[in-house]
Amino acid sequence: MTPAAPTRFPRLPSLPRWSPPELLTQALTVARDYRPSPTPLLTAIDRALPFPCRQLLVEVPLNRLFAEAMTLGEFDEFEGRRLRLELDGGAGGLTLGFWCGRLRLVEGPGEATIRGSLAAFKALAERSVDPDQLFFQRRLVIEGETELGLAIKNLLDSLDWSPSPFRP
């Protein structure tokens, strides 16, 4: 008996390569578009936390983030002034003041108010979008003393800062 010749199977057509990272990126993009807004949670936290706790959570990172600019006197023209940052939809907000060389969280209204969505404020902090574009597209709106709001926007735009207040 002679050995049988090995059976050759027909070659299957090649399929396009599956790229898990690309598929994962697309899935995350879709998930990001449909995730619930964190605004109600932030509003609940804002109402539940006592004012001194909110001061600690806001003042320490902001003063650390802008320490160099404050040392150089970049914020001096805002001494005694108040600016309110508010989220759209009646959600919470923060009123910030500048006294004695430090940014302070204060209660009450601001002389100027910058209002927008959480996404718009995030884009502003990350510098992923030009600040002027956010205002021209009405994603951020300045109300009250607009000169103060524009001066602060221009100051933040001119500073060299990282959006992470917790950097080493």
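A salt bridge here is a side-chain nitrogen of Lys or Arg within 4 Å of a carboxyl oxygen of Asp or Glu. By that rule the structure holds 7 salt bridges. The model is predicted.

## Salt bridges across the chain

Three of the pairs are set out below.

| Pair | Closest N to O distance | Separation in sequence |
|---|---|---|
| Arg81 and Glu145 | 2.5 Å | 64 residues |
| Glu111 and Arg82 | 3.9 Å | 29 residues |
| Glu143 and Arg115 | 2.5 Å | 28 residues |

Take Arg81 and Glu145, whose side chains meet in a salt bridge. Their pairing links distant parts of the chain. Arg81 sits in the loop between α4 and β1, and Glu145 in the loop between β5 and α7. Are these two buried or exposed? Arg81 has 25% relative accessibility, so it counts as partly exposed. Glu145 has a relative accessible area of 33% and is partly exposed.

Next come Glu111 and Arg82, with N to O at 3.9 Å. This pair also links distant parts of the chain. Glu111 lies in the loop between β3 (102-106) and β4, while Arg82 belongs to strand β1. Glu111 counts as partly exposed because its relative accessibility is 23%. Arg82 is partly exposed at 28%.

Glu143 and Arg115 join two strands: Glu143 is in β5 and Arg115 in β4. Glu143 is partly exposed, at 35% relative accessible area. Arg115 counts as partly exposed at 23% relative accessibility.

Which residues are linked in a network of salt bridges? They are Arg81, Arg82, Glu111 and Glu145.

## The nonpolar core

In soluble globular proteins, nonpolar side chains tend to be buried together. In this model, the largest nonpolar core has 24 residues. Those with the most contacts inside it are Phe66, Phe75, Phe78, Ile114 and Leu140. Several elements give two or more residues to this core: α4 (67-71), β1, β4 (112-116), α5, α6, β5 (140-144) and α7.

Ile114 shows what such packing involves. Residues up to four places away in sequence are set aside here. Ile114 touches Leu83, Arg84, Leu85 and Glu86, and also Phe121 and Phe135. Its other partners are Leu140, Val141, Ile142 and Gly149.

## The largest pocket

How much space lies in the largest pocket? About 1,500 Å³. The pocket is lined by 47 residues. Leu62, Leu85, Leu94, Leu96 and Phe121 lie nearest its centre. Helices that give two or more residues to the lining are α2 (39-48), α3 (51-65), α5 (118-126), α6 (131-136) and α7 (146-158). Strands β1 (82-87) and β2 (93-99) do so too. By class, the lining has 32 nonpolar, 5 polar and 10 charged residues.

Two residues recur across these sections. Leu85 and Phe121 lie nearest the pocket centre along with three other leucines, and Ile114 touches both Leu85 and Phe121.

## A buried lysine

Lys153 is placed in helix α7. Why does Lys153 count as buried? Its relative accessibility is 8%, and buried means under 20%. Beyond its neighbours within four places in sequence, Lys153 is in contact with Pro131, Asp132 and Phe135. Phe135 is also among the residues that Ile114 touches.

Technical notes. Residues numbered from 1 in each chain as written. Predicted model: local features only at pLDDT ≥ 70, side-chain atom pairs only at ≥ 80, totals over all residues. Heavy atoms only, no water. 1 Å grid on protein atoms, 1.4 Å probe; cavity = no way out; pocket = protein on both sides within 12 Å on 5 of 7 lines; lining within 4 Å. Points joined across faces, edges and corners; volume = space filled by probe spheres on them. Helix = DSSP H or I, 4+ residues; strand = E, 2+ residues; numbered from the N terminus. Nonpolar A, V, L, I, M, F, W, Y, C, P; charged D, E, K, R; others polar. Core = buried A, V, L, I, M, F, W, Y, C linked by side-chain atoms within 4.5 Å. Buried < 20%, exposed > 50% of the residue type's maximum accessible area, 1.4 Å probe, protein only. Contact = heavy atoms within 4.5 Å.
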